[in-house]
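Me: I should like to study a protein model by means of short questions. Please reason through each answer.

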Amino acid sequence: QVQLVESGGGLVQPGGSLRLSCVVSGSIRSTYFMGWYRQAPGKQRDLVASITHYGSTNYADSVKGRFTISRDNAKNTVYLQMDSLKPEDTAIYYCVAIGTAYWGQGTQVTVSS
């Protein structure tokens, strides 16, 4: 069994930054490929960024150059550094063990002045 617990969401002004964290507990083998999804009100859930165990990353076009995904395997933690935030980044952000049924509970990010 795997548990994913996110933290770090909140309210930030446009142009600001936030860092999300996702602590993974349980079977590490099943968390090789990790990612962050987000879901805005009335919209589908989309993949924002992903990272392999060895650090290879991929990003949605909408966040390239602004968001950075990283992981600390020793701490079983995945991060999402979000810079130059825009109102359209407002959503619930979910940490996911991609290819499995394991999702975190989500953390709200609101970008507003």
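Me: Which residue's side chain meets that of arginine 38 in a salt bridge?
Reply: This is a predicted model, in which local features need pLDDT of at least 70, side-chain atom pairs count only at pLDDT 80 or more, and totals for chains, interfaces and linings use all residues. Residues are numbered from 1 along each chain as its sequence is written, and side-chain values use heavy atoms, with hydrogens and water left out. A salt bridge requires a side-chain nitrogen of Lys or Arg within 4 Å of a carboxyl oxygen of Asp or Glu. At 2.9 Å, N to O, the partner of arginine 38 is aspartate 89.

Me: Is arginine 38 buried or exposed?
Reply: Buried means under 20% relative accessible area, exposed over 50%, and partly exposed in between, with a 1.4 Å probe and protein chains only. The relative accessible area of arginine 38 is 13%, so this residue is buried.

Me: Which residues are joined into one network by salt bridges that share partners?
Reply: Arginine 38 and aspartate 89 form a salt bridge. The side chain of aspartate 89 also meets that of arginine 66, at 2.7 Å, N to O. Aspartate 89 lies in the loop between S8 and S9 and arginine 66 in the loop between S6 and S7, so this pair ties together parts 23 residues apart in sequence. The network therefore consists of Arg38, Arg66 and Asp89.

Me: Is aspartate 61, which forms a salt bridge with lysine 64, buried or exposed?
Reply: The closest N and O atoms of lysine 64 and aspartate 61 are 3.2 Å apart. Lysine 64, at 48% relative accessibility, is partly exposed. Aspartate 61 has a relative accessibility of 65%, so it counts as exposed.

Me: Which strands hold the two cysteines of the disulfide?
Reply: A disulfide is a pair of cysteine sulfur atoms within 2.5 Å, and those of cysteine 22 and cysteine 95 are 2.1 Å apart. Strands (E, at least two residues) are DSSP runs, numbered from the N terminus. Cysteine 22 and cysteine 95 are 73 residues apart in sequence, and they lie respectively in S3 and S9.

Me: What is the handedness of this disulfide?
Reply: Handedness is judged here from the torsion about the S-S bond. For cysteine 22 and cysteine 95 this torsion is about -80 degrees, so the disulfide is left-handed.

Notes:
Helix = DSSP H or I, 4+ residues; strand = E, 2+ residues; numbered from the N terminus.
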